[in-house]
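These are my notebook entries on one structure. I set down what I looked up, topic by topic.

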Amino acid sequence: TPSVTGSVTSCAANPTLPTGLSLAATTCAISGTPTESSSATTYTITAANTAGSTTATISITVNPPAPTALTYSGSPYTYTNGTAITTNTPIVTGTVTSCTANPTLPTGLSINATTCAISGTPTANSTATNYTITAANASGSTTATINITVNAAGCSPGKRSFWYTDSGGTNGISTLGNLGGIAGADALCNN
């Protein structure tokens with residue numbers, strides 16, 4: 001509600017106020033619930049009576065509601081070092097203007113700034129790690145937690161590769177199952 005000196009018999013806005021907002025005819029008070037987003041716009045409000053009028057200029061921005069329900073399907077994810085991943089695009093309700101990951105995604109992977117899609121080619125191995133993805137706009141944010149592992153090429157979940165020396169003194173690599181208990185093992189799938 002503005003302050004005005006004198007009697008007011010009519011109030012008008014130019015251009016028309018954002019959808020959902022209205023202007024009281026004799027007080028020039030602005031009220032209502034905006035139903036559409038709009039960028040910063042300047043409005044001239046005119047208060048008048050039979051003797052003349054006075055004006056005031058205001059600026060109104062209507063931000064979109066905060067995004068909600070950010071969802072990635074398929075977590076946990078296991079990727080292979082050096083192999084491009086299939087772009088992982090989430091579902092989210094609302095308008096997103098920024099996306100971030102905490103901690104930083106594995107080396108070689110990136111997150112799209114407005115879709116939160118994760119893509120790229122991982123270039124370093126990493127153990128299973130939880131990442132909090134935040135989708136935000138000027139009104140607020142929503143988050144999702146995903147888990148990513150990056151294995152060395154040739155490894156698969158539940159298998160590890162180890163150096164071994166056989167009875168004849170020959171060195172080699174064993175990839176037969178999960179042999180995590182063997183002394184001197186070089187866990188290639190986890191480094």
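In these entries, contact means heavy atoms within 4.5 Å. The model is a predicted one.

**Entry 1: Ser-110.** I began with the surroundings of Ser-110, which is placed in strand E10. Leaving out residues up to four places away in sequence, I found that Ser-110 touches Leu-105, Ala-117, Ile-118 and Ser-119. I then looked up its exposure: the relative accessible area of Ser-110 is 40%. Buried would require under 20% and exposed over 50%, so Ser-110 counts as partly exposed. I also noted the separation of Ser-110 from Thr-121, which is 9.0 Å from C-alpha to C-alpha, with their positions 11 residues apart in sequence.

**Entry 2: disulfides.** How many disulfides does a search of the whole structure find? The search returns 2. A disulfide is a covalent bond between the sulfur atoms of two cysteines.

I took the pair of Cys-11 and Cys-28, whose sulfur atoms lie 1.9 Å apart. Cys-11 belongs to strand E1 (residues 10-14), whereas Cys-28 sits in the loop between strand E2 (21-23) and strand E3 (30-32). The two cysteines are 17 residues apart, and the pair links distant parts of the chain. The angle about the S-S bond is -90°, and I recorded this link of Cys-11 and Cys-28 as left-handed. Cys-11 and Cys-28 are both buried.

I then turned to Cys-99 and Cys-116, a disulfide with its sulfur atoms 1.9 Å apart. Cys-99 is part of strand E9 (residues 98-102), and Cys-116 is in the loop between strand E10 (109-111) and strand E11 (118-120), so this disulfide ties together parts that are 17 residues apart in sequence. The link of Cys-99 and Cys-116 is left-handed, with -85° about the S-S bond. I found Cys-99 buried, and Cys-116 likewise.

**Entry 3: the largest pocket.** I looked up the largest pocket and noted about 220 Å³ of space in it. Its lining consists of 15 residues, and those nearest the centre are Pro-2, Ser-3, Cys-28, Ile-45 and Ala-56. Cys-28 was already in my notes as the partner of Cys-11 in a disulfide. Which strand gives the largest share of the lining? It is E5, with 4 residues. Strand E4 (38-49) and strand E5 (52-62) each contribute at least two residues to this lining.

**Entry 4: Thr-149 and the tyrosines.** Thr-149 is located in strand E13 (residues 140-151). Is Thr-149 buried or exposed? Its relative accessible area is 14%; the cut-off for buried is under 20%, so I entered Thr-149 as buried. Apart from residues up to four places away in sequence, Thr-149 touches Tyr-77, Thr-78, Tyr-79, Ser-126, Thr-127 and Ala-128.

Two of these names came up again in my search of the whole structure for aromatic pairs, which finds 1. Tyr-77 and Tyr-79 form that pair, with 6.1 Å from centre to centre and 5° between the planes, and the arrangement is stacked. I noted that Tyr-77 and Tyr-79 are both buried.

**Entry 5: Asn-137.** My last entry concerns Asn-137 in strand E12 (residues 126-137). Asn-137 has a relative accessible area of 10% and is therefore buried. Which backbone nitrogen does the side chain of Asn-137 reach? I found that of Ser-139, at 2.8 Å. With neighbours within four places in sequence set aside, the contacts of Asn-137 are Pro-64, Pro-65, Ala-66, Pro-67, Thr-95 and Thr-97.

Terms used: Residues numbered from 1 in each chain as written. Predicted model: local features only at pLDDT ≥ 70, side-chain atom pairs only at ≥ 80, totals over all residues. Heavy atoms only, no water. Buried < 20%, exposed > 50% of the residue type's maximum accessible area, 1.4 Å probe, protein only. Polar contact = N/O pair within 3.5 Å; in protein donor to acceptor, adjacent residues only side chain to side chain. Disulfide = S-S within 2.5 Å. Phe/Tyr/Trp six-rings, centres within 6.5 Å; stacked < 30°, edge-to-face > 60°. 1 Å grid on protein atoms, 1.4 Å probe; cavity = no way out; pocket = protein on both sides within 12 Å on 5 of 7 lines; lining within 4 Å. Points joined across faces, edges and corners; volume = space filled by probe spheres on them.
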